[in-house]
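User: Could you take a close look at one helix packing in this model for me? I'd like the contact and its geometry spelled out, with the cut-offs.

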Amino acid sequence: LVIGGGIAGTSAAARLAPHGKTLVLERETSLGYHASGRSAALYESNYGLASTVALSKASNDFFTNADVGLISPRGLLMVAKSDERAEFEVTCAKMDMTEIPRDDAIGMVPILDPETVEFTAYHKAAYDIDTDRMIQFFAKGVRAYDGDVLTGQTVTQITRSEAGWTVTANGTDYSAKMIFNAAGAWVDQIAQLAGIAPLGFTPLRRSMARIPAPGGHDISNWPMILDIRETWYAKPDAGKLLVSPAEEDLQEPHDAWADDMVLAEGLARYEENVTEPVTRLESSWAGLRTFSPDRNLVLGPSADDATFFWVAGQGGYGFQSAPAASQLVADLVTGTPSVMDAQTLAALDPQRFK
């Protein structure tokens with residue numbers, strides 16, 4: 001039984017479905033409503049901590065060979081100011097980005113301000129992800145093995161039973177041998193319902209603004225633009241430009257919304273680097289990126305009970321890591337040797353918090 005119908009839960013359920021009867025319970029009326037539905041939707045395998053990068057790279061074969069059209073070319077452009085040279089070089093090396101002449105970058109994104117932007121780097125191997133199609137692909141995989149994916153299901157009670165666990169949602173009891181906790185920002189709350197010690201996850205808000213295409217440009221082929229210090233980023237989306245303040249504001253688990261002041265400050269940071277001012281905000285939203293105490297994902301059985309699995313702490317890396325992360329969950333359950341190296345497995349193991 002998988003609690004949570006975001007990308008973490010649906011992908012794990014799809015990998016588990018061939019090995020036994022599988023049920024996904026999602027509290028909202030649609031899958032991927034919270035963090036998964038509010039993602040920047042980029043596959044950039046060099047982004048994140050070492051364990052995240054390992055999962056993302058191990059997911060590459062799925063993205064390129066799944067044959068369901070999940071990714072499309074985007075590219076990533078990094079910009080830095082004159083006093084950020086040292087950070088620029090470190091980040092280029094870490095993310096395997098190639099420094100390019102500023103004029104080449106302006107050729108890609110003509111609104112870059114040459115009076116502010118001094119250094120630029122580019123990585124071609126960054127891709128848009130069709131996030132809704134990806135979630136539905138995995139949900140279809142669950143159903144293909146006679147599993148169920150139920151929405152509008154609020155879990156109110158979790159108790160141990162002779163079969164393993166009984167989970168109560170909307171007044172109905174479901175029995176399962178194993179529980180997989182993929183509840184996003186609510187994973188610690190679900191653990192406490194089950195009598196499992198919480199691990200101290202922190203939901204951090206990240207906001208997004210949608211603005212008209214700057215200067216009336218055709219931005220469809222622009223890359224995603226990332227500030228070297230990640231104080232803002234921008235990404236084309238359906239003829240508009242998404243701009244994020246890239247904030248990490250601690251929140252309680254809830255249906256997040258954007259803070260107007262945070263958006264304004266982030267848009268001002270973006271405007272410092274471009275020649276076209278923001279004249280209109282078309283829409284805005286926010287999501288909660290949930291991290292473990294050490295910011296690595298948490299994938300595996302609880303130290304309290306091996307039949308309670310954590311599938312948690314995806315932060316902002318859920319989609320790009322999901323193919324390999326979900327396969328690791330299935331491998332751990334079935335006792336199949338994982339392709340992940342020992343160091344990565346240790347970094348992801350819930351036992352590290354004992």
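Analyst: Here's a walk through the packing of α1 against α9, then the sheet and one more helix that touches α9.

This is a predicted model, so local features need pLDDT of at least 70 and side-chain atom pairs count only at pLDDT 80 or more, while totals for chains, interfaces and linings use all residues. Residues are numbered from 1 along each chain as its sequence is written, and side-chain values use heavy atoms, leaving out hydrogens and water.

Helix α1 covers residues 7-16, and its axis comes within 8 Å of that of α9, crossing at roughly 40° (axes are lines fitted to C-alpha atoms over the stretch in contact, with angles from 0 to 180 degrees between N-to-C directions). That makes α1 oblique to α9, oblique being whatever isn't under 35 degrees (roughly parallel), over 145 (roughly antiparallel) or 65 to 115 (roughly perpendicular). The crossing is right-handed, meaning the near helix is turned clockwise from the far one by less than a right angle.

On the α1 side, I7, S11, A12, R15 and L16 make the contact (heavy atoms within 4.5 Å). Their counterparts in α9 include F319, P323, Q327 and V333. The residues of this contact divide into eight nonpolar, four polar and one charged, with Gly counted as polar.

α9 (318-334) also helps cover the buried residues of α2, which include V53 and L55 (buried means under 20% relative accessible area with a 1.4 Å probe, protein chains only).

As for the sheet, six strands form an open one in the order β9-β2-β1-β13-β21-β20 with mixed pairing (strands pair if DSSP finds at least two bridges).

Note on methods. Buried means under 20% relative accessible area, exposed over 50%, partly exposed in between (1.4 Å probe, protein chains only). Helices (H or I, at least four residues) and strands (E, at least two) are DSSP runs, numbered from the N terminus.
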